[in-house]
Amino acid sequence: MKVEVGSTLWFLLRDRAAVISAAFLLAVALAAVFAPLLTPYAAQGMGDPDLGSKFTAPGIKHPFGTDGLGRDQVARLMFGARRSLSMGVLVVVAAMIIGTPLGLIAGYLGGWVDEALMRVTDVFLAFPPLLLAIAIAAALGASYVNAVAAIAVTWWPWYARLARAQTLSVRERAYIEAARGIGVRHRVIMRRHVLPNILTPIVVQGTLDVGTAILVAAGLSFIGLGTQAPYADWGVMISDGRLYFLSGRWWLSTFPGLAIFLTAMAFNFLGDGVRIAADPRLRRVL
Amino acid sequence: MALLSIENLTVEFNTPFGAVYAIRGIDFTLRKGEILGLVGETGCGKSVTGRSIIGLLDDNARITAGRILFEDVDLLRLSDAAMHEVRGNRIAMIFQDPATALNPLFTIGAQIMDVLRAHRPAKRGDLKTDAMSLFADVGLPDPAQMMHVYPHQLSGGQQQRAMIALSLAAEPDVIIADEPTTALDVTIQAQILDLLRVLQRERSISVILITHDLGIVAETCQQVVVLYAGRVAEKGAVEAIFAAPQHPYTRGLLAALPRPGSRGSDLQVIAGAVPSGLERIAGCAFAPRCEYVMEICRGQQPAFSDIKQAHQSACHLHETFADA
Amino acid sequence: MTALTFLLRRLGLSVFVFIGVLVLTFFVSRVIPGNPAALYAGARPRPEQVAAIKVKLGLDKPLPEQFLVYVRDLLDGDLGESYHSRRSINTDLSIFLPATLELVIAAVIIALILGIPVGVLAGAYPGSVFDYATRLAAVAGVSVPSFWLALIAQFVFFSTLGWLPLGGRVSRDISLFYPIAAQTGFYIIDAAISSNWRAFFDALHHLILPALVLSAYPLGITIRMTQASMLEVLSETYITSARAAGISQRVILFKLALKNAIMPALTVVGLSFAYSITGAFLVETIFSWPGVGKYVTEAVLNVDFPVIIAVTLVVTIVYILVNLFVDLLQALLDPRVRLG
Amino acid sequence: MKRLLQVLAVLSLLATPFFATVAQDRNIFVYAHPVAFPNLDPSAGNSNENVVMGNVYETLTFYNAPGSAEILSPKLAVSWEASDDSMTWTFNLREGVTFHDGAEFNAAAVKTALDRTIEMGEGSSWIFGMIDSIEVVDDLVVQFNLLYPAPLDLVLSAGYAAWIMSPNAAAQNSAWFNDGNAAGTGPYTIASNEPGQRMILEANPDYWGGWEEGQFDTIVFEISEDSTVLEQMIRSGDADFTYSLPFDNYAPLAQAEGVVVDVTPSFQNLLILLNNVKEPSNDPLVRQALSYAFPYDDVVASLYAGMGTQSRGAIPANMWGHGEDLYQYSQDLDKARELLAEAGYADGGLNVVYTHVASDLDEQQVGELWRASLAEVGVDLEIRGLAWEAQWDLAINDPATAQDAFGFYWWPDYITPNSWLYGMFRSEEEPFFNLGYYANPDFDSLIDEAEVISGTDRAAAEAMFIQAQQMLLDDAAAIFVVDLPDIHVIRADVSGYVNNPAYPHVVFFHDLSR
């Protein structure tokens, strides 16, 4: 499935939900990147306490209130976005980087290599999502990097499968047969001819997956296997606020939860949009 | 005695690229008891015409002008409920690939009984008897066993027979057969066409046979309508048109026709491509590909002219050919 | 392909996958930092206790040997002992697994009962307001963090409205005065078969909120998949031919197309199950639901690796079986797959 | 969806009358308990199951709540005496006591029970390390022969390992107990156990202490690790007692009707053990600087909502061995800078790793506050949350790779200052709980000597223990953060409750009534 970038973009721009989502995500990303410039409480965003304004309810000074160490929740959310967003993206990118070449090799070479690699992916896919990630994250120790690694380890088989399926359909094409016929080495064929032709659906799937990856990462953080203090991601913020949630300090968990919810939704809408726009057969559905 | 008249039927499709003109105003008439061939290349609008008649256009299609008169009632003005009464009961349809037109998860018997039940209340036993007699009518072996058979257990020809049985279930007046034999072998093809002819004769059903194969038209039809780019290029009695085709397009088609009796080949043998449905066409749609093209052809749409009573062609040159 | 060869092939594959799962979990669990012997020894162990326990648990042996011992015990049906509670994991799971399954099955049922009809209707009327609303709801369902939704649900239905309990499986009064005779471990079923209706309604009352929260993700998935598959089925020629034959919309949607649409949608049973289990890991703690999710999150906190492996294994087996069952069901429902 | 919710909720509400009309002919006390009971074997359990043990089983002696005239009072032993050298202890046992399973309580039973505990060698059984042998002198007289002088009366009052179970039960293994079986002499028996969820105790009608009107006949433990659940239960009156809520939630809760928040000092404190071996904290100046940089006031006032007190030395206030005149560090960033400069870190550039139990938000926030203060004196603090075993493992494996600062709670197994001093600071070949690798021969000999005389001359021993603590403070061996409060929330209509920090979070239900 080779897709023209121009027409894909054109279709994407007609999808209102996707456009709004992209704008939202861009805003969140900008808020994350330029957080130090955008909030007067940058130091608090990075963890410094301000015990004087402990547990301030949402108001003009602190629109989303403050936490138990008096930190402004808007600043915490903006700095938290750095981690939550990057976790989602890194998981997907890492999974792609592991999965794509393996799937490509399996699909291209076929035979026992294919069989072996696919059985390995079967094993990974046999776990209910999150369960294996929990076990691995627990084994590696709680940290931001380990959480990303743990989820990526459970995620790559999806990309391996996708890459393999795409490779199988590309493999028989004339130009590849031709390249093989004139003795181009396998490695070169895979990299020059197969890879570019299978990337589109993989990238599309990746866009769809980021939202889910953010959710899973937030889940790990929620049970304490993710970002460590003094930093926080959105999952950690929900977890920290939970103790006080039903005791009148509702704002602590509400806003980070909303942030995850809306971001995941935006990625889903954007991913759907990209998928439909990139697949001519689906465009009619618009 | 016109059973069904199509008048200035115009259909557009909404696409993200803009409106696609599928049918640009066509007229023809189907008389009772005759088989009318609707011929043209892929994309000329012949299937859309069939779907328009039975009211099953895709959601993004819009009929922007015209009338479809069935026994002097405009089908386009009927309510959904009324149109629902027409479908199956008065007008039925047969599809190109019986393998996809039959539901794979239900037995043939169940499917035909669904149709029977939809059109008349009856006891289950009666329905079953009727279903089996329909199977016999269309020449399916062992009708009793057919009741319990799934589509995939039948051969292509048998599937199409079953499909025909389904379309006959409510005793319609008109059957629209959309390329009913394209997916079948040549020998089976002939058998199915025979069956259609028999049904037409014995039940005096009118048939609109949609095909791209002029060979089939020659063997099966009494009337023919040649479509090009959503317009009628030429229409009339089969003998007249095959004897003296008036439109350069029809001539091209006939010239490409292999010996009668062998399987028809694809019709795209005339140089050039069919114009895109996105374009508005000012003059003759065929002009870009026409070897006889004249100045007038690009600017003005040719009107129909009667060559004889039963033979009309839309070409600025028609008199030239008539003389020739 | 006959159903039998299909079944055998799937079974063979499952056995292979299971062995892989076993190796992988064992390996992962032994990488866990910390000192399991100290954990086993209790809150404030002495060095000699820890050393003795290390020998007792065989932790001083090389890894391959530990693995063989583990597999041998496993073949005897023994999942081992929790290092934290020292209880038999078999006993624990016999209590916790039914609790989780009760919750997960309830969530799957909610997801299917709500999701399939909604998906069918949304697929039948693409472009309608209902379609858009459904799509929004489906995306919301798969985007909402379950643990956050659980908090919000508690806030609304417990704190604010006071309709539903905060957590747990049954009220104290039931434990005290109308205890449920454990048979299957599914409280709803146990209470029903012993005609203990007070307990039945009480258990149901406790089940509603966590099950609804858990069903959000599978509901979203179910709607999406049913809708997509309905959309596809409705564009099939056999639907057009049924229309052309004058069959009514009602029969087409809910008899003909549904049967076709449900075939691919059946995979959502497996998916729903998987995502409900995932949700359960996060949500059970919030609802104080004594299931494997709560069990394993605590085990993770305590690096209690016999529990971590056992839960991973058992839940994965259940998951593999569910998928196997779904595959079989699909094969059985499709006349194109020959039986026998 | 919402509609369905309503329907379901209404359906369930319809069902409510079914079970709402339960006859309350029982007097029930509900303890909303924050953790499960890990090990119900009285010989082995040394954790939160003590609350079950303390009501089902009994000890020979009982450690009184602070403020009592005597330190100890009789329980299953009615009187006892030690030989002059504290090497032989004789206990006279209570007469007419039977175990729940009908077995008779006597000297043989005491020997069987304690021998089992010592032989199993699990849990806190090491507190009996001084016992050489146990002799049945008479049906109701039991004699302990010790290996070295020790305050055995204190040891036998311990809240762990000192429980006396029936000889029949002593023949069983841990699994038997963990299936919910028990046979002690206490006022309650285990009626049912839903692990991780709920445990129900019922009154033992034959209890030797007798029963009065208003006492509770049924005790229910509702177990929830979720403090939100605990809080909601006590707030709504669904529970009578709980603890372990977030410190910040007690003040609003105290305002609620019918709820009393009971705050008393505990015997538990929070320390940060500093690595005495590894650079840079092997330098006492650095350790002192770290101590001066610690925000004591903020931690006490804000994290503990003013309910704890800053520690003074290692031994918590209210306990013997506590030194009211010991030096107390306070936050002084200038001093910290000076000390760092003296140690050669004038420009900062110091990295310190602090570990804490990952699930402990208090320990984490202690680190967050400390980090902010340290940043001002040029020290970079990395906060690492780990599972307890992982944190401990990191500390004992190799001092060179260990953490620099170890957040650590300590509580005594039995009530002696040496529990802290020996446990965390006495030099060891292979450190076990001396996780800061503190090694000071003078300190070691001082506490060893104090321990020997603590059975006979408690006052002299106390002075020596206090002197030993001054050494720790001079060396800044650890940061002594806070003496934790015991905070229990109890329904106002329950009377008779007194917190006893010697038995952490144990409620002796027999004392209560409504």
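Two residues are taken to be in contact if their C-beta atoms, placed from the backbone, lie within 7 Å. By this criterion, in what is a predicted model, the contact between chain A and chain D draws on 22 residues from chain A and 25 residues from chain D. The chain A side of this contact comprises 11 nonpolar, 7 polar and 4 charged residues.

Within chain A, helix α8 invites a closer look. This helix runs over residues 144-171, 28 residues in total, and spans 39 Å from its first C-alpha to its last, close to the 40 Å expected at 1.5 Å a residue. Along the way, α8(A) bends by about 35 degrees at Thr154(A), and Pro157(A) follows within four residues of that point. Of the 28 residues of α8(A), 22 are buried, so the helix is largely enclosed by the rest of the structure.

Turning to chain D, strand β7 (residues 141-146) has antiparallel pairings with two other strands: β5 (residues 88-93), over 5 bridges, and β6 (residues 131-138), over 6 bridges. The link from β6(D) to β7(D) is a hairpin through 2 residues. Phe144(D) takes part in both pairings, with Trp89(D) as a bridge partner and Ile134(D) standing opposite.

The side chains of β7(D) alternate along the strand. Val142(D), Phe144(D) and Leu146(D) point to one face and are buried, whereas Val141(D), Gln143(D) and Asn145(D) point to the other face and are not buried. Phe144(D), which pairs with Trp89(D), thus belongs to the buried face of the strand.

Conventions. Residues numbered from 1 in each chain as written. Chains lettered and ligands numbered in written order. Predicted model: local features only at pLDDT ≥ 70, side-chain atom pairs only at ≥ 80, totals over all residues. Expected span 1.5 Å × (residues − 1). Bend = angle between axes of the 7 residues up to and from the residue. Buried ≥ 20, exposed ≤ 12 C-beta atoms within 10 Å, placed from the backbone. Nonpolar A, V, L, I, M, F, W, Y, C, P; charged D, E, K, R; others polar. Pairing = 2+ DSSP bridges.
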